Amino acid sequence: MAEFVEEIRERLLPEYEQMKTLGICPDDQIRETKRKRENLLNKIFQSQRSVADYADFIRHEKLIHKWITEKERSQGQNLSELKHSIVTRIIKLYREGLRFCPNEERLWDNFIMFSKKSIPHEVTGIYEKMLAYHGDKPTVWCNAGIWVHENVCNIQKVKEIFFRALQRHPDSEALNITFFIILLKEASKMSCTPTSKTAPSEQELGLERAALVYRNSKTKISNVFYFMKLLKGCEGEQYVNITASLQKEIIDDLMINFSREESVWDALAQRELQGLSMIDLKSMSSKSSIIIEENIPQKPILATGDAERSQTSEDREDKLFPKGKSIWQVRTLKRRIELCVHVYQVGVRTVPTATMFSNFINAMLKLNQDLTNQPILKRKCLAIAFKEGHTFKLMNEDHYYACIKMLLKGAKGVENATKMLTEATHLKKTLLYYEMWMVVYMTENNDKKFLEIFRKAKDQLEPASSVSLWRMAITFFKTRPSEANEKFLKFFKDAAMQLSLEFAPFRADYLEYISATSTLDRTRREYDELSKMPPPCLELHRKMADVESKALSVFRVDKSRWRKCLDKQLVDNFMTEFTLLKAII
């Protein structure tokens, strides 16, 4: 250790001389740099040193290197020799720190990150040393394999790393996926021309290696999302064609082992929308293709009479796949949407769950965000999703909300929305359903029906949860013609007289409205009545105190009413705090 510290001190002397000669910084700054480095050297020389001491020294040297780089750029000087000396010292500090504490994974990561820029030719060796101490972590093996593949371009070395890794971690999803994708990349670069009539091509052999990795891993990994990631990996642009048989094999396994998983059906439906249709894999007969393709409707969802504008080159999406030979048939957007909807329909019948219907409806909602092409078909497919979710009684509140909005735009909108909400509230009585129902009657200004639904909701929901319904009712009647004013005031006062704590703000709002539209005597009568109602409402007293204060300056009335408001405010404030204190204790 003493030799290491002495070597650093010796190498620092020429640096200081160079900094002084080139006028990079003034003498006082050089002295400050010397002092800081001496302190850092003393720390790593102590017997009780820690990894943090090495990290501090490295951080300081990196700041010096950054500062010199900026000087080089601003002054137009060549300071490469000085920068190289600092980089060499940083590397030595990393190595010494790792010798002292090789189990510090973060220090290894920082060293590798720094080395990738400064000494990339040594990174592979650093990874090998790191694996000796951290080979129990699959991520380290993955990073090592990716580096060798992308920068050393030695596929044999890559295979060696992953074979060693899989011996230690055979059930690691990250390792298997990374190795699988690397083998696919290599296969895509290989020749697809057979060397002879009987021998397979290099590309076929490369794909077989990837398939072997997959087949070996599926006996050890049973997570559906692992299979989904592998399938997604096969959909990369450069290998979406060459991996068709592999995609089919993965889909077969998904349908055999995970046909009750909603995510599988969601992924398969989205593949149809992208143009990766199971119909194109039909020649490779499989259980999955039979399950999905049986009873595929040849009759389109959109009737001929409803046909939209003629197909354009944009609508056909000819650029879905790379140019050249493709196993995937180019289909119109209309046909891809129909196939997607069909897979979702098979899925919701196979796995009739709320999640499955949610996936179906969300996909159709997303499709309807862009109505540039096939707007009628997209809206019809959304209607199908809503109808099926409602029929199976597995549609959530948010989707009911979206459905009601859509229904209100069409013919007989109120009638259809009312029918759907009647059936929905039979299953589950929620605040959102009643809010939607009230909005339906607000749109057609139907006072009678609005009141009927409001009273039904008020009776069936907890008082504390129905505050928004009262606000809707008050707002609705406030905007009605003048003959409905009494009804508005009745609703407003009824809300203010509710005993739940959540209704307390209505009292202050009601009093403020009365003070603005009626006499001072009536305002006082209403205040006297409301102030007796539990729970306490401080804002009510503040409002009334403000009213009395204004009355004092205008009418010169008795101050006793004003004082009374302040006294009640103090009492209620004490009661509120006392109640809170009791709850805490």
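In this predicted model, helices H7 and H8 run roughly antiparallel to each other, because the angle between them is about 170° and angles over 145 degrees count as roughly antiparallel. Helix H7 covers residues 138-152 and helix H8 covers residues 155-168, and their axes lie 8 Å apart. On the H7 side the contact is made by Trp141, Cys142, Ala144, Gly145, Val148 and His149, while H8 contributes Ile155, Lys157, Val158, Ile161, Phe162, Arg164, Ala165 and Arg168.

A second pair of helices can be described in the same way. The axes of helix H9 (residues 173-189) and helix H10 (residues 202-218) come within 8 Å and cross at roughly 170°, which makes H9 roughly antiparallel to H10. Among the residues of H9 in this contact are Phe179, Phe180, Leu183 and Leu184, and the residues they and their neighbours in H9 meet in H10 include Leu207, Ala210, Val213 and Tyr214.

The table sets out the residue classes in the two helix contacts and in the lining of the largest pocket.

| Site | Nonpolar | Polar | Charged |
|---|---|---|---|
| Contact of H7 with H8 | 9 residues | 2 residues | 3 residues |
| Contact of H9 with H10 | 9 residues | 5 residues | 1 residue |
| Lining of the largest pocket | 11 residues | 5 residues | 6 residues |

The largest pocket has a volume of about 730 Å³, and of the 22 residues that line this pocket, those closest to its centre are Ala383, Phe386, Cys403, Met406 and Leu407. Helix H18 (375-391), helix H19 (397-408) and helix H20 (413-427) each supply at least two residues of the lining, with H18 giving the most, namely 7 residues.

Where does the largest pocket lie with respect to domain 2 and domain 3? Domain 2 (259-285 + 327-395) and domain 3 (415-481) both give residues to the lining, so the pocket lies between them.

Definitions and conventions: Residues are numbered from 1 along each chain as its sequence is written. This is a predicted model: local features need pLDDT of at least 70, side-chain atom pairs count only at pLDDT 80 or more; totals for chains, interfaces and linings use all residues. Side-chain values use heavy atoms; hydrogens and water are left out. On a 1 Å grid over the protein atoms alone, a cavity is a set of points where a 1.4 Å probe fits but cannot get out, and a pocket is an open set with protein on both sides within 12 Å along at least five of seven lines; lining residues have an atom within 4 Å of a point. Grid points are joined across faces, edges and corners, and a volume is the space filled by probe spheres set on the points. Helices (H or I, at least four residues) and strands (E, at least two) are DSSP runs, numbered from the N terminus. Ala, Val, Leu, Ile, Met, Phe, Trp, Tyr, Cys and Pro count as nonpolar, Asp, Glu, Lys and Arg as charged, and the others, Gly among them, as polar. Domain bounds come from an automatic or database domain assignment. Axes are lines fitted to C-alpha atoms, for helices over the stretch in contact, and angles run from 0 to 180 degrees between N-to-C directions. Angles under 35 degrees count as roughly parallel, over 145 as roughly antiparallel, 65 to 115 as roughly perpendicular and the rest as oblique. Contact means heavy atoms within 4.5 Å.
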